[in-house]
Amino acid sequence: MPKPPTIRHPRLKVLALIAMFGLPPLVAWTMVNWQVGIPDERTAHGELVPDIPPLSEWPIEGRHDEGTWVLAFDCAERCETLSDQWWRLHRALGREAPRVSRLRVGGDADLLPGEQMTQWQQVPAWRSADRLWVLDPQGHPVLGYGPDADARDVLDDVNRLLRMNPDTGRRGTREVAGS
């Protein structure tokens with residue numbers, strides 16, 4: 001009669017299986033409850049602006065077309081400088097630039113290429129001079145930036161938003177045209 005195969009160290013194998021499946025939930029629970037190893041850094045450089053109404057409810061003259069991301073900025077004291085800065089940022093977007101439009105509210109500086117201008121009909125309580133807001137294609141404010149915001153940080157945020165929200169409409173048009 002053949003001798004049955006011997007199992008070497010069965011307890012160690014069971015303990016290894018328990019550790020392999022039991023330790024990750026225990027480590028995750030410890031990280032969440034004691035806030036150990038959780039990064040504190042944010043990915044966006046701007047401030048979330050949940051209290052700002054959608055663009056369609058802004059007290060401005062005229063209406064802005066929906067369908068593109070919008071860089072809306074309030075021109076006040078530093079209008080000409082900031083208008084130029086956001087124009088340069090728009091150009092830095094490269095091939096993604098058509099997905100973003102610029103809307104200047106107020107100011108008396110000359111319009112730059114591709115810029116739309118409007119005026120406040122009445123100044124809202126949430127308005128802040130020389131502030132920039134990034135609005136999604138439906139007109140909802142996503143991020144806000146103060147007048148001293150670094151254009152590179154804004155560009156990083158806008159690029160990230162565009163990358164995370166692909167333009168399916170334009171891509172579908174290319175596929176139809178190519179077939």
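Reader: Which residues is His-90 in contact with, leaving aside its neighbours within four places in sequence?
Author: This is a predicted model, in which local features need pLDDT of at least 70, side-chain atom pairs count only at pLDDT 80 or more, and totals for chains, interfaces and linings use all residues. Residues are numbered from 1 along each chain as its sequence is written, and side-chain values use heavy atoms, with hydrogens and water left out. Contact means heavy atoms within 4.5 Å. By that rule, and with neighbours within four places in sequence set aside, the partners of His-90 are Ala-97, Val-100, Ser-101 and Arg-102.

Reader: Where is His-90 placed, and is His-90 buried or exposed?
Author: Helices (H or I, at least four residues) and strands (E, at least two) are DSSP runs, numbered from the N terminus. His-90 belongs to helix 2, residues 79-92. Buried means under 20% relative accessible area, exposed over 50% and partly exposed in between, with a 1.4 Å probe and protein chains only. Because its relative accessibility is 12%, His-90 counts as buried.

Reader: What is the order of the 6 strands in the open sheet?
Author: Two strands pair if DSSP finds at least two bridges between them. The pairing in this sheet is mixed, and the edge strands, which pair on one side only, are strand 1 and strand 4 (115-118). Strand 3 and strand 4 pair in the parallel sense over 4 bridges, and Arg-102 stands opposite Glu-115 in strand 4. The order of the strands is 1-6-5-2-3-4.

Reader: Which element gives the largest share of the largest nonpolar core?
Author: A nonpolar core is a set of buried Ala, Val, Leu, Ile, Met, Phe, Trp, Tyr and Cys residues joined through side-chain atoms within 4.5 Å. The largest one has 22 residues, of which Val-134, Val-154 and Val-158 touch the most other members. Two or more residues come from each of strand 2 (69-74), helix 2, strand 5 (132-135), strand 6 (141-145) and helix 3 (151-164). The largest share, 5 residues, comes from helix 3.

Reader: How do the planes of Trp-126 and Trp-133 meet, and what is the angle between them?
Author: Rings of Phe, Tyr and Trp (its six-membered ring) pair if their centres lie within 6.5 Å; planes under 30 degrees apart count as stacked, over 60 as edge-to-face and the rest as tilted. The count by this rule comes to 6 aromatic pairs. Trp-126 and Trp-133 form one of them, with 5.6 Å centre to centre. That pair is edge-to-face, with planes at 80 degrees.

Reader: Is Trp-133 buried or exposed?
Author: Trp-133 joins Trp-58, Trp-120 and Trp-126 in one aromatic cluster. Within it, Trp-126 counts as partly exposed because its relative accessibility is 22%. Since the relative accessibility of Trp-133 is 0%, Trp-133 counts as buried.

Reader: How many disulfides are counted?
Author: A disulfide is a covalent bond between the sulfur atoms of two cysteines. The rule used here asks for a pair of cysteine sulfur atoms within 2.5 Å. Cys-75 is buried at 6% relative accessible area, and Cys-79 is buried at 4%. The count of disulfides comes to 0.

Reader: Which residue has its backbone oxygen 2.3 Å from a polar atom of the side chain of Arg-99?
Author: Arg-99 sits in the loop between helix 2 and strand 3 (100-105). With a relative accessible area of 9%, Arg-99 is buried. The residue whose backbone oxygen lies 2.3 Å from that side chain is Asn-165.

How values were computed:
Polar contact = N/O pair within 3.5 Å; in protein donor to acceptor, adjacent residues only side chain to side chain.
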